[in-house]
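I opened the model to look up a few things about its fold. My notes follow, entry by entry.

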Amino acid sequence: MLIRTKRVILTAASAILALSGAALAHHGVTGRYDASNPIVLVGEVTATTFSPPHPIITVRVVSGDLPAYELGRKDEYFGPPVVRKEDVGAERVVELSPVRMFYDLEGRLKVGDRVTIVALRNCLPTHQLRSTWLRLSTGEVISYEGDWAPGVNGCS
């Protein structure tokens, strides 16, 4: 009976460790986000998800020009913000920091709204985009001052 109990406990502990590792990888904690090339996405919201594990915004990029206003949090980046040619006309999915201020956008941010997002690309597969900064069509900036994944100076 004691051996069986130990086996059950070890199996449960192994499952918990395996699942927690998957959760960390999903959230990008082990990611390497390229802060040398902050990506500017100016466009129209085509989809939103405000459920855990984190908010997600899909944007159809409509502009290839950098906006005239200040972009992002300068202390987060190693290089200047850029608009990539391959993004213009495409839809891009952006994960937001999993914090209350971004979840609170539910009901305020709707499909069709225009937004500006500064995102960083994960150097590791699946190369998802993540952001801690966005500007709503009203001009209001939503910016998380903390960070949930490390920025690196270029992907190598």
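Where is Y144 found? I looked there first and found Y144 in the loop between β6 (141–143) and β7. Helices (H or I, at least four residues) and strands (E, at least two) are DSSP runs, numbered from the N terminus.

Before going on, I noted the ground rules. This is a predicted model, where local features need pLDDT of at least 70, side-chain atom pairs count only at pLDDT 80 or more, and totals for chains, interfaces and linings use all residues. Residues are numbered from 1 along each chain as its sequence is written, and side-chain values use heavy atoms, with hydrogens and water left out.

**Y144, surroundings.** I listed its contacts (heavy atoms within 4.5 Å). Leaving out residues up to four places away in sequence, Y144 touches R73, S97, V99, M101, F102 and T132. I also checked L96, which lies 48 residues from Y144 along the chain. Their C-alpha atoms are separated by 9.4 Å. Is Y144 counted as buried or partly exposed? I use buried for under 20% relative accessible area, exposed for over 50%, and partly exposed in between (1.4 Å probe, protein chains only). Y144 is partly exposed, because its relative accessible area is 24%.

**Overall layout.** I counted two helices and seven strands. From the N terminus, the order reads α-β-β-β-α-β-β-β-β. Of the 156 residues, 40% are buried. Among contacts with a separation of 6 or more, 73% join residues 24 or more positions apart.

**Strand β1.** Which strands pair with β1? I took pairing to need at least two DSSP bridges between two strands. β1 (residues 33–49) runs antiparallel to β4 (residues 114–122), with eight bridges. There, G43 has V115 as its bridge partner. β1 also runs antiparallel to β2 (residues 56–61), through six bridges. A47 stands opposite T58 in that strand. Six residues separate β1 from β2 in a hairpin. With β7 (residues 151–152), β1 runs parallel and shares two bridges. Y33 is the bridge partner of G151.

**Cores.** I then looked for nonpolar cores (buried Ala, Val, Leu, Ile, Met, Phe, Trp, Tyr and Cys residues joined through side-chain atoms within 4.5 Å). The largest has 20 residues, and those with the most contacts inside it are I57, L105, L109, I117 and L134. Elements giving two or more residues to this core are β1, β2, β3 (91–96), β4 and β5 (129–136). I followed L109 further: beyond four places in sequence, L109 contacts V45, T48, F50, I57, V115 and L136. A second, separate core has ten residues, including A35, V40, V42 and V118.
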